[in-house]
Amino acid sequence: MLRPPPLTVLRWVRKTPARRAIFEALAGGTGPVTHEVLDRFTPVRTADNIRAVLVAGGALPSRDEQLAKLEKWLTKAIGRVEDPDERWLLRTYVNWQPLRRFRRLPAGKQVTHGQANGVRIEVRYVVRLLEWLRRNGSSLALCTQDHIDTWLGHGPALRSSVRAFLLWTRRRGYTRQLTAPINNGDFTVHVIAQDQRWTLVRRLVQDDQLSTADRAAGLLLLLFAQPASRITLLTTEHVADDGDKVTLRLGQKPAELSAPLDDLIRQLARQRQGLAVTVPLDEPKWLFHGAYPGQPLAPHTLCHRLKAIGIRPRVARNTSLMEIASELPAYVFSRLLGFHQSTADNWDRERGGFSPEYAAEINRR
């Protein structure tokens, strides 16, 4: 159920020609308005905005938007494969491996932008491998390990993302014994110096020209190692403010916030509406509002915003995790910041942190 005044909605509908054109087409059409109908309209961003309004108002059922966009992209990407047998093989692999995993996610859990992007990278490089084989007078059926090694040796490390596809085709007898290395990456290139991290913290603390949301999100990442996917899901239910101090529940135990982060979170908690004109009455009280009604800020959008102010989320978070693991026992680390115990243990071992015995002593205290 939505709550804006009718005249406000009418002005919103008429504000842009693209939005007005979509509503006129929907009004002049026959049959129900469905997600498939909205998928035909452009610009996509305008259609998605209208979709979000209809979902928030109960006129359309919700769907996994990341999965829907991925499926649409896969149709085009796989269509680039010229050989019909190879095209069928790639389509079969995609349907029975990544898409099957996504479609079997527990109820209420949706595909993340990162998960969908991982599949895009994998399929993109499989298509490029097939195109390379064709240009070099070969095919997937005739491909040898020498072909794979040559292709891997003349391109970026991401080419090894074809590994899962090659192992799948090998197990089913479609190809020879082909493989590619596991690309674990070099951890040392995914961290920054601690002084650089604290320089970023000082900027967020002192620069009041930056938006409140960007400052708060950046500090949560740099000080508490929170990923964008969790930051954007924070609501006012996670915040406790007794007037003297502000605590934020990231894990099992609330964390007390220091200035100015406490005041930034206060401001976000009092800000009830984002950019959306139409807001559901039962909308969660997001701290980081999205542009669409009923939805928080998208994690990848937050990452883009942080990069724009000089914070690379992945390396900044890794650096924060390393520092926290050196200062806190893994048990405390997991309970305070909301990480799984095994994740905290892994970072503790990586940093050579406290022993389990010391963590148990801290817990008894």
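At what angle do the axes of helix α12 (residues 212-224) and helix α15 (residues 299-308) cross? In this predicted model, the two axes cross at roughly 95° and come within 10 Å of each other. Angles of 65 to 115 degrees count as roughly perpendicular, and α12 and α15 are therefore assigned to that class. On the α12 side, the residues that meet α15 are Ala213, Asp214, Ala217, Gly218 and Leu221. Their counterparts in α15 are Leu302, Arg305 and Leu306.

The overall architecture of the chain provides the setting for this helix pair. Its secondary structure comprises 19 helices and 3 strands. The chain has 365 residues, of which 41% count as buried. Among contacts with a sequence separation of 6 or more, 60% involve residues that are 24 or more positions apart. The exposed surface of the chain comes to about 20,000 Å², and 52% of this area is supplied by carbon and sulfur atoms.

A second helix pair was examined at the start of the chain numbering. Helix α1 (residues 6-14) packs with helix α2 (residues 17-28) at an angle of about 105°, and the axes are 6 Å apart. The pair α1 and α2 is therefore also described as roughly perpendicular. Trp12, Val13 and Arg14 are the α1 residues in this meeting, and they face Arg19, Arg20 and Phe23 of α2.

Leucine 297 is located in the loop between α14 and α15. With a relative accessible area of 9%, leucine 297 falls below the 20% cut-off and is therefore buried. Leaving aside residues up to four places away in sequence, leucine 297 touches Thr232, Phe288, His289, Gly290, Leu302 and Arg305. Two of these residues, Leu302 and Arg305, also belong to the α15 side of the meeting with α12. The C-alpha atom of leucine 297 is separated by 8.2 Å from that of leucine 233, although the two residues are 64 residues apart along the chain.

Isoleucine 121, in helix α8 (residues 113-135), offers a further example of an approach between separated parts of the chain. Isoleucine 121 and arginine 159 are 38 residues apart in sequence, and their C-alpha atoms are separated by 8.9 Å. Contacts of isoleucine 121 beyond four places in sequence are made with Leu158 and Ser161. The relative accessibility of isoleucine 121 is 22%, so this residue counts as partly exposed.

Aromatic side chains were considered next. The structure holds 4 aromatic pairs. In one of them, the ring centres of tryptophan 88 and tyrosine 174 are 6.2 Å apart and the ring planes stand at 80°, so the arrangement is edge-to-face. Tryptophan 88 belongs to helix α6 (residues 84-96), whereas tyrosine 174 belongs to the loop between α10 (163-171) and α11 (194-206), so the pair ties together parts that are 86 residues apart in sequence. Tryptophan 88 counts as partly exposed at 45% relative accessibility, as does tyrosine 174 at 36%. Both residues are members of one aromatic cluster, which also includes Tyr93, Phe165 and Trp168.

Charged groups are also found over aromatic rings. The charged end of arginine 128 sits over the ring of tyrosine 125, at 5.0 Å from the ring centre. Likewise, arginine 197 places its charged end over the ring of tryptophan 198, with a distance of 4.8 Å to the centre.

Several backbone features were identified in loops. Threonine 42 and proline 43 are joined by a cis peptide bond with an omega of about -5°. Proline 43 lies in the loop between α3 (35-38) and α4 (44-56). Another cis peptide bond, with an omega of about 0°, joins alanine 259 and proline 260. Proline 260 is placed in the loop between β3 (255-256) and α14 (261-270). Alanine 225, although not a glycine, has a positive phi of about 55°. Its place is in the loop between α12 and α13 (228-231). Alanine 225 has a relative accessible area of 0% and is buried.

How values were computed: Residues are numbered from 1 along each chain as its sequence is written. This is a predicted model: local features need pLDDT of at least 70, side-chain atom pairs count only at pLDDT 80 or more; totals for chains, interfaces and linings use all residues. Side-chain values use heavy atoms; hydrogens and water are left out. Rings of Phe, Tyr and Trp (its six-membered ring) pair if their centres lie within 6.5 Å; planes under 30 degrees apart count as stacked, over 60 as edge-to-face and the rest as tilted. Helices (H or I, at least four residues) and strands (E, at least two) are DSSP runs, numbered from the N terminus. Buried means under 20% relative accessible area, exposed over 50%, partly exposed in between (1.4 Å probe, protein chains only). A charge sits over a ring if NZ of Lys or CZ of Arg is within 6 Å of the ring centre and within 35 degrees of the ring normal. Contact means heavy atoms within 4.5 Å. Accessible areas come from the Shrake-Rupley method with a 1.4 Å probe; for residues, only the protein chains shown count as cover. Axes are lines fitted to C-alpha atoms, for helices over the stretch in contact, and angles run from 0 to 180 degrees between N-to-C directions. Angles under 35 degrees count as roughly parallel, over 145 as roughly antiparallel, 65 to 115 as roughly perpendicular and the rest as oblique.
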